[in-house]
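Work through the exercises below with the model open beside you. Try each task before reading its solution.

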Amino acid sequence: MTVSREFAYSIPKAELHLHLEGTLEPDLKLELAQKNGIDIGQTTVEEVQASYQFDSLTSFLAVYYPAMNVLQDEDDFYRLGAAYFARAKDNGVVRAECFFDPQAHTSRGIAIETVIRGYYRAIEEARAQGISADLILCFLRDMSAQSALETLQAALPYKDMFVGVGLDSDERDNPPQKFAECFALAKDNGLRVTMHCDIDQVGSIDNIRTALTELGTERLDHGTNIVEDPALVELVRERGIGLTCCPVSNSFVTDDMKGKEIVELLGKGVKVSVNSDDPAYFGGYVADNLLALAEKEGLNEAQIAQLARNSIEISWASDEEKAQMLASLEEFVASH
Ligand code: HPA
Ligand code: ZN
């Protein structure tokens, strides 16, 4: 192995592409199903694990959304978040910006307040334990623009509890411009903006260009298809736009982890970072993603350090926090 497990786990890093709903491990899913009296069709952890099977974004989402039925009250959302932060700590995460999908819960009758308050309790607890953390509210792009707008309006009374907005779910036939009004309102309210530009979508390049030039996205979640267009690579590099890449997830929903693209962009000075996306489903938290990429592409410690440095630089932590995190990163690198 090119990079040791200890190096990948211990290096201080930010995780910026992590769906809290994607951290629902089989044992917690089963426990919450039993607590809430919900029939999920499986009765053992092994059976739940075996149901986590997919080979595309669409087939993944078909397993992912129904699983959320087990989340019912504020404490359930808190427990999901707290379980993630325990893993994040083991993975050397010093800063976490966590996506959540309110519409996946409000559409089944859960109040948005329940979702936000539960997750936020886990955020506050993480902060108390020394992990800098924030929430990013995502809109489901396969629901209507009106629904996204209503979701944002319902969430605005809690806007001190999330740092920005994102866009996820099925990109097909749901380009970013569908949400232009919603993202403009988010910006008017001082929220940061990012969005998924999923791998190998129909119209990937056009969607990325629109996200950057018309919606003013500050990061691209995934986004490695920019390698197909040198002008876009240059735009992203020049503006310091961060890419939040997820190699293990990529290898499940496409035919490979897109490691060559990640390494090419890293070499060109684009601020690419490595993240875990939906780790309970894809079987790897952030350090495992770094290790998988290092092994596949033969990365050295300096390249892993650059990925970690990028993750902190493109994060939405305060300048003061970033300076502290970068200093501890450089100290770690110097001591290896
Ligand atoms: N893409 C789109 N939607 C998602 C993802 C993703 O990577 N993960 C969870 N929802
Ligand atoms: Zn994602």
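**Exercise 1. Two aspartates with unusual backbones**

Asp-200 lies in the loop between β5 and α10. Helices (H or I, at least four residues) and strands (E, at least two) are DSSP runs, numbered from the N terminus. This is a predicted model: local features need pLDDT of at least 70, side-chain atom pairs count only at pLDDT 80 or more, and totals for chains, interfaces and linings use all residues. Residues are numbered from 1 along each chain as its sequence is written, chains are lettered from A and ligands numbered from 1 in the order in which they are written, and side-chain values use heavy atoms, with hydrogens and water left out.

Task: find the sign of phi at Asp-200 and at Asp-277, then state how accessible Asp-200 and Asp-277 are.

Solution.
- Step 1. Recall the background: most residues other than glycine have a negative phi.
- Step 2. Read the angles. Asp-200 has a positive phi of about 50°. Asp-277 also has a positive phi, near 65°.
- Step 3. Place the second residue. Asp-277 sits in the loop between β8 (271-274) and α14 (279-282).
- Step 4. Apply the accessibility classes: buried means under 20% relative accessible area, exposed over 50%, partly exposed in between (1.4 Å probe, protein chains only). Asp-200 has 43%, so it is partly exposed. Asp-277 has 4%, so it is buried.

**Exercise 2. The zinc site**

Task: list the protein donors of the zinc ion (ligand 2) and give their distances from it.

Solution.
- Step 1. Set the cut-off. Donors are N, O and S atoms within 2.8 Å of the metal (3.2 Å for Na, K and Ca); water is not among the atoms, so sites may look incomplete.
- Step 2. Name the donors. They are His-17 (NE2), His-19 (NE2), His-196 (NE2) and Asp-277 (OD), at 2.1 to 2.2 Å from the zinc ion.
- Step 3. Write the spacing: H-x1-H-x176-H-x80-D.
- Step 4. Locate a distant pair. His-17 is in strand β1 (residues 13-19) and His-196 in strand β5 (residues 192-197), 179 residues apart.
- Step 5. Check burial. His-17 counts as buried because its relative accessibility is 0%. His-196, at 4%, is buried too.

**Exercise 3. Enclosed space**

Task: how many cavities of 30 Å³ or more does the structure hold, and which residues line the second largest cavity?

Solution.
- Step 1. Define the object. On a 1 Å grid over the protein atoms alone, a cavity is a set of points where a 1.4 Å probe fits but cannot get out; lining residues have an atom within 4 Å of a point. A volume is the space filled by probe spheres set on the points, which are joined across faces, edges and corners.
- Step 2. Count. There are two cavities of 30 Å³ or more.
- Step 3. Take the largest. Its space is about 140 Å³. Of its 17 lining residues, the closest to the centre are His-19, Leu-57, Phe-60, His-196 and Asp-278. Helix α4 gives the most to this lining, with five residues.
- Step 4. Take the second largest. Its space is about 40 Å³. Lys-13, Ala-14, Val-274, Leu-290, Leu-307, Ala-308 and Ser-311 line it. Here α16 supplies the largest share, three residues.

**Exercise 4. Cores and a helix**

Task: which residues have the most contacts inside the largest nonpolar core, and what does Phe-85 touch?

Solution.
- Step 1. Define the core: a set of buried Ala, Val, Leu, Ile, Met, Phe, Trp, Tyr and Cys residues joined through side-chain atoms within 4.5 Å.
- Step 2. Read the core. It has 116 residues, and Tyr-84, Phe-85, Val-165 and Tyr-281 have the most contacts inside it. Helix α7 (residues 112-128) gives the most, eight residues.
- Step 3. List the contacts (heavy atoms within 4.5 Å). Beyond neighbours within four places in sequence, Phe-85 meets Ala-96, Cys-98, Ala-122, Ile-123, Ala-126, Ile-131 and Ala-133.
- Step 4. Note the separate second core. It has five residues, including Phe-99, Ile-136, Cys-138 and Val-163.
- Step 5. Turn to helix α8 (residues 145-155). Its buried residues are Ser-147, Ala-148, Leu-149, Thr-151, Leu-152 and Ala-155. These pack against α6 (103-106), α7, β3 (132-140), β4 (164-168) and α9 (180-188).

Notes. On a 1 Å grid over the protein atoms alone, a cavity is a set of points where a 1.4 Å probe fits but cannot get out, and a pocket is an open set with protein on both sides within 12 Å along at least five of seven lines; lining residues have an atom within 4 Å of a point.
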